[in-house]
Amino acid sequence: MKTVSIKNMKLFEIHDGGTPCCGGRQAWYLTGFKRLAGCGPTVFAGIINYVNRNQSGLSGEPDPIAKADFVTLMEAVWQYVTPGIQGIPTTAAFMKGARAYLDAKGLPFTLESCDIQARKAARPGLGAVADFIARALNDDMPVAFLSLDKGTEPFVDTWHWVTLLSLSWDEDALRLEADIADEGRLFHVNLKNWLETTRRGGGFVRLKRLDN
């Protein structure tokens with residue numbers, strides 16, 4: 001098995017008064033609709049927070065970012081990565097908002113997606129999905145993961161964005177597993193099972209530094 005992950009999980013942690021959260025929680029938004037539909041902007045805020053902290057030169061055992069500071073970032077991201085009545089139901093919609101945020105802040109990244117179609121025959125192979133995710137993690141970049149239907153995978157939700165932080169796979173793509181952050185907690189999921197049983201698909205979005 002090969003394994004790749006972001007380099008410093010501590011930089012992804014957020015302090016909420018007790019045990020640090022693994023990433024943000026959409027429940028931290030202050031209004032009902034934002035709490036209901038805010039998974040996409042919460043995920044992107046977590047990725048941006050990780051990128052910003054990495055670029056600050058933090059290493060080792062840095063203190064988690066305070067919840068209040070992360071909520072400020074969540075609100076700023078919402079202005080660009082803005083859910084509609086159906087949330088953010090496509091990678092294209094996620095990337096449109098994310099690109100607007102990156103441009104507004106002058107951040108030197110581009111965005112790339114790997115879509116998982118509803119029709120199984122149109123989906124990329126497991127090896128291609130593993131390669132897409134692994135390239136991002138090798139660049140120390142968390143990956144946004146959209147599940148429009150959880151299939152039979154118990155630790156993935158339907159119509160939901162989460163953040164993928166590590167990946168394990170074998171050469172023949174007979175096994176494909178991942179660690180995802182969702183609502184402040186870390187879950188280990190069978191990504192192969194999700195890819196094979198999801199009925200509506202979803203997709204993955206990665207940031208790529210322009211100098212790579």
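This report describes strand pairing, one helix and the aromatic contacts in a predicted model.

## The open sheet of three strands

Three strands make up an open sheet, arranged in the order 3-2-4 and with mixed pairing. Strand 3 (21-22) and strand 4 (65-66) lie at the edges and each has a single partner strand, so one side of each is left without a neighbour in the sheet.

Within this sheet, strand 2, which covers residues 13-15, pairs with strand 3 in the antiparallel sense over two bridges. The residue of strand 3 that serves as bridge partner of I14 is C21.

## Strand 7 and its partners

Strand 7 spans residues 160-169 and is mostly covered, with ten of its ten residues buried. Strand 1 (residues 2-5) runs antiparallel to strand 7 and is joined to it by four bridges; here T3 stands opposite S168 of strand 7.

Strand 7 also pairs with strand 6 (residues 143-147), in the antiparallel sense and over five bridges, and in this pairing T163 of strand 7 is the bridge partner of A144. With strand 8 (residues 176-182), strand 7 forms a further antiparallel pairing, over six bridges, in which W169 faces L176 of strand 8 as the residue standing opposite. In general, the strands of a sheet pair through backbone hydrogen bonds, in either a parallel or an antiparallel arrangement.

## Helix 4 and its surroundings

Helix 4, made up of the 15 residues 91-105, reaches 21 Å from its first C-alpha to its last, which is close to the 21 Å expected at 1.5 Å a residue. The helix is followed by G106, a residue whose phi is positive, near 65°.

The buried residues of helix 4 are T91, F94, M95, G97, A98, Y101 and L102. In an α-helix there are 3.6 residues a turn, so residues three or four places apart point the same way. The elements that cover the buried residues of helix 4 include two helices, helix 2 (39-55) and helix 3 (67-78), together with strand 5 (109-116), strand 6, strand 7 and strand 10 (202-209).

## Aromatic pairs

The model contains twelve aromatic pairs, counted by the distance between ring centres. In one of them, the rings of Y29 and W78 have centres 5.2 Å apart and planes at 65°, so this pair is edge-to-face. The pair links distant parts of the chain, since Y29 belongs to the loop between strand 3 and helix 1 (32-37) and W78 to helix 3, with their positions 49 residues apart in numbering. Both Y29 and W78 are buried.

Another edge-to-face pair is formed by W194 and F204, with 6.2 Å from centre to centre and 80° between the planes. This pair, too, links distant parts of the chain, W194 being in helix 6 (residues 191-197) and F204 in strand 10, ten residues apart. W194 counts as buried because its relative accessibility is 0%, and F204 counts as buried because its relative accessibility is likewise 0%.

## A ring cluster and a charge over a ring

Ring pairs also link F44, Y80, F94, Y101 and W161 into a cluster. Two of these residues, F94 and Y101, are among the buried residues of helix 4, while W161 falls within strand 7, whose residues 160-169 are described above as buried.

A contact of another kind involves R206, whose charged end sits over the ring of F132, at 4.0 Å from the centre of that ring.

Key: Residues numbered from 1 in each chain as written. Predicted model: local features only at pLDDT ≥ 70, side-chain atom pairs only at ≥ 80, totals over all residues. Heavy atoms only, no water. Pairing = 2+ DSSP bridges. Buried < 20%, exposed > 50% of the residue type's maximum accessible area, 1.4 Å probe, protein only. Expected span 1.5 Å × (residues − 1). Contact = heavy atoms within 4.5 Å. Phe/Tyr/Trp six-rings, centres within 6.5 Å; stacked < 30°, edge-to-face > 60°. Lys NZ or Arg CZ within 6 Å of the ring centre and 35° of its normal.
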